[in-house]
Amino acid sequence: MDVWQLVLVGLVMLLGLIGVLIPGVPGPAIVWAAVVWWALSDTSGTAWAVLIGSTAVLLLSQALRPLLPSRRTRETGTRRRTLLAGGLAGIVGFFVVPVVGAVVGFVGGVYAVERVRLGSHRDGWASMRAVMRSAGYPVLVELFCCLLVAGAWLGATVWG
């Protein structure tokens, strides 16, 4: 696969990761489509293994969706900016501290936004817990699964 195609696949994956954070955008489907594009162009065994693993992880994410609270931010009173900041911090955290950094970054980003908005540690912490219970967990699970797929693709591209 050409370097420019790999860059385009990476950009489509990044678009899908950001799409997870924006309501109405099918982020996991975009991430999966990027992996399919890559696997069909690079027909190695590693590419197909990443595709199969990615499909399993994203299907598991969709199967867990009914078990988690609603993602509707308007009904729960959660501000979209809070989840967007948490998601962007989770994406950065995933690559700074591999895998675990996504959860730490997401929760830390939500806390930071709420702390700045409310002005104190106690209020920020209580608000962060409320946001995570109401709409944060579904976004975090979906984002984490998509980040695992992106990480597997990146690892297979660099080392495979």
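Q: Helices are DSSP runs of H or I with at least four residues, strands are E runs of at least two, and both are numbered from the N terminus. Where does Val99 sit on that scheme?
A: Val99 is in the loop between α5 and α6. A caveat up front: this is a predicted model, where local features need pLDDT of at least 70 and side-chain atom pairs count only at pLDDT 80 or more, while totals for chains, interfaces and linings use all residues. Residues are numbered from 1 along each chain as its sequence is written, and side-chain values use heavy atoms, with hydrogens and water left out.

Q: What makes the phi of Val99 worth a look?
A: Its sign: phi is positive, about 65°, although Val99 is not a glycine. Most residues other than glycine have a negative phi.

Q: Why is Val99 called partly exposed?
A: Buried means under 20% relative accessible area, exposed means over 50%, and partly exposed is what falls in between (1.4 Å probe, protein chains only). Val99 comes in at 38%, so it gets the middle label.

Q: How do you know that Arg65 and Glu142 form a salt bridge?
A: The rule asks for a side-chain nitrogen of Lys or Arg within 4 Å of a carboxyl oxygen of Asp or Glu. For Arg65 and Glu142 the N to O distance is 2.9 Å, so the pair passes. It also ties together distant parts of the chain, as Arg65 is in the loop between α3 and α4 (73-76) and Glu142 is in helix α7, 77 residues apart.

Q: Are the two partners buried or exposed, or something in between?
A: They split. Arg65 has 41% relative accessible area, so it is partly exposed, whereas Glu142, at 6%, is buried.

Q: What makes Arg117 and Glu114 a salt bridge as well?
A: Their closest N and O atoms are 2.6 Å apart. Both residues lie in helix α6, three residues apart, which is about one turn of the helix. Arg117 is partly exposed at 41%, while Glu114 counts as buried because its value is 2%. The count by this rule comes to two salt bridges.

Q: Why is Thr82 called buried, and what does it touch?
A: Thr82, in helix α5, has 0% relative accessibility, so buried it is. With contact meaning heavy atoms within 4.5 Å, and leaving out residues up to four places away in sequence, Thr82 touches Val110, Val113, Glu114 and Val131.

Q: What makes a set of residues a nonpolar core, and which members touch the most others?
A: A core is a set of buried Ala, Val, Leu, Ile, Met, Phe, Trp, Tyr and Cys residues joined through side-chain atoms within 4.5 Å. The largest one has 36 residues, and Met13, Leu17, Trp38, Phe106, Leu143 and Leu147 touch the most other members. Among the elements giving two or more residues to this core are α1 (3-21), α5 (80-96) and α6 (100-118), but the largest share, 14 residues, comes from α7. Leu143 has contacts that include Leu17, Ile91 and Phe106, again not counting residues up to four places away.
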